[in-house]
Amino acid sequence: MQPVLTLKDVNVYQGNNAVLTNINLEVKPGEFIYIIGKTGSGKSSLMKTLYADLKLREGEGTFVDYDLTKLRERDIPYLRRKIGIVFQDFKLLPDRNVYDNLLFVLKATGWSEKREMEVKINEVLDKVGMKHAVTKMPHQISGGEQQRIAVARALLNDPEVILADEPTGNLDPQTSVEVMQLLREINQNGKTIIMATHDYALIMKFPTKTLKVDSGTLFEVVQRTI
Ligand SMILES: Nc1ncnc2c1ncn2[C@@H]1O[C@H](COP(=O)(O)OP(=O)(O)O)[C@@H](O)[C@H]1O
Ligand SMILES: [Mg+2]
């Protein structure tokens, strides 16, 4: 199978600073991989390169069939429809309920049929076990529940890949485990997941292929499972 992501000799910049150099990475469909490393090591910068928030300036990269070096401004929304992104801070719109948060994304990504949107919203809420919260405002649900809604939002356009940047960073250990179980289930249902984290306890609990960002580059680490 064709890889969903290929990076060859990639250098990642923040302004004029090379944050990461010589990145080589291949991710196959269906894989679940962690990108680990200390705060400030460049995990988010790498993720941003993948969702085209940072331009790929040096090296070669192909992600969900897009050549990242040739990406035009107008390609970016289409690239992002093929991926789902989950952030540490959930990023739900605080002024509207769960349903309208999801509706907003569907409308922004080209959906218009009311009935189809309703069916899709119910489907993704069901997948994350949050159907009961459809009329709740974000502030009325817990952090773990907000993150489930964020995962539901990431699934709306049936993406090939989920990018999760420290998805458990704002959650307590027990809730983190629950969110991980959800991500693992989504992975088992066929989605590729690339997750940045510095939660070493969690990766011990849910071991899978792990790449570490250290001293400005990325290498695979062999995990010892206990
Ligand atoms: N928007 C930005 N502008 C300039 N420098 C940045 C920006 N974001 C991150 N950096 C720098 O890039 C480096 C890597 O940061 P980041 O990718 O956020 O690391 P991590 O996600 O691993 O904590 C750090 O030195 C950070 O200060
Ligand atoms: Mg980060």
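Biologist: In what order do the 4 strands of the open sheet stand, and how are they paired?

Modeller: In this predicted model, 4 strands come together as an open sheet whose pairing is antiparallel. Strands of a sheet pair through backbone hydrogen bonds, either parallel or antiparallel. Here the pairing is antiparallel, and the order is β2-β1-β4-β5.

Biologist: Which strands are the edge strands of that sheet?

Modeller: An edge strand pairs on one side only, and this holds for each of two strands here. The edge strands are β2 (17-27) and β5 (66-67).

Biologist: How many bridges join strand β1 to β2, and which residue in β2 does Thr-6 stand opposite?

Modeller: Strand β1 covers residues 5-14 and runs antiparallel to β2, the two being joined by 7 bridges. Within β2, the residue that stands opposite Thr-6 is Glu-26.

Biologist: Which residues are around ligand 1, and which helix gives the most to the shell?

Modeller: The residues around ligand 1 are Gln-14, Gly-15, Val-19, Gly-37, Thr-39, Gly-40, Ser-41, Gly-42, Lys-43, Ser-44 and Ser-45. By class, the shell divides into 9 polar residues, 1 nonpolar and 1 charged. With 3 residues, the element that gives the most to this shell is helix α1 (residues 43-50).

Biologist: How far apart do the C-alpha centres of domain 1 and domain 2 lie?

Modeller: The domain assignment divides the chain into domain 1 (1-82 + 160-226) and domain 2 (92-158). Between the C-alpha centres of these two domains, the separation is 24 Å.

Biologist: Which helix gives the most to the side of domain 1 that touches domain 2?

Modeller: The contact takes 9 residues from domain 1 and 9 residues from domain 2. On the side of domain 1 that touches domain 2, the residues divide into 5 nonpolar, 2 polar and 2 charged. With 4 residues, the element that gives the most to that side is helix α6 (residues 173-188).

Biologist: Where does the largest nonpolar core lie, and which residues have the most contacts inside it?

Modeller: In soluble globular proteins, nonpolar side chains tend to be buried together. The largest such core in this model has 59 residues, and helix α5 (residues 143-155) gives the most to it, with 6 residues. Because domain 1 (1-82 + 160-226) and domain 2 (92-158) both give residues to this core, it lies between them. The residues with the most contacts inside the core are Ala-152 and Leu-163.

Biologist: Which residues does Ala-152 touch, not counting residues up to four places away in sequence?

Modeller: Ala-152 is one of the two residues named for the most contacts inside the largest nonpolar core. Leaving out residues up to four places away in sequence, Ala-152 touches Leu-102, Val-124, Leu-125, Lys-127, Val-128 and Met-130.

Note on methods. Residues are numbered from 1 along each chain as its sequence is written. Chains are lettered from A and ligands numbered from 1 in the order in which they are written. This is a predicted model: local features need pLDDT of at least 70, side-chain atom pairs count only at pLDDT 80 or more; totals for chains, interfaces and linings use all residues. A residue is near a molecule or strand if its C-beta atom, placed from the backbone, lies within 6 Å of it. Ala, Val, Leu, Ile, Met, Phe, Trp, Tyr, Cys and Pro count as nonpolar, Asp, Glu, Lys and Arg as charged, and the others, Gly among them, as polar. Domain bounds come from an automatic or database domain assignment. Two residues are in contact if their C-beta atoms, placed from the backbone, lie within 7 Å. A nonpolar core is a set of buried Ala, Val, Leu, Ile, Met, Phe, Trp, Tyr and Cys residues joined through C-beta atoms within 7 Å. A residue is buried if 20 or more other C-beta atoms lie within 10 Å of its own, exposed if 12 or fewer, and partly exposed in between; C-beta atoms are placed from the backbone. Two strands pair if DSSP finds at least two bridges between them.
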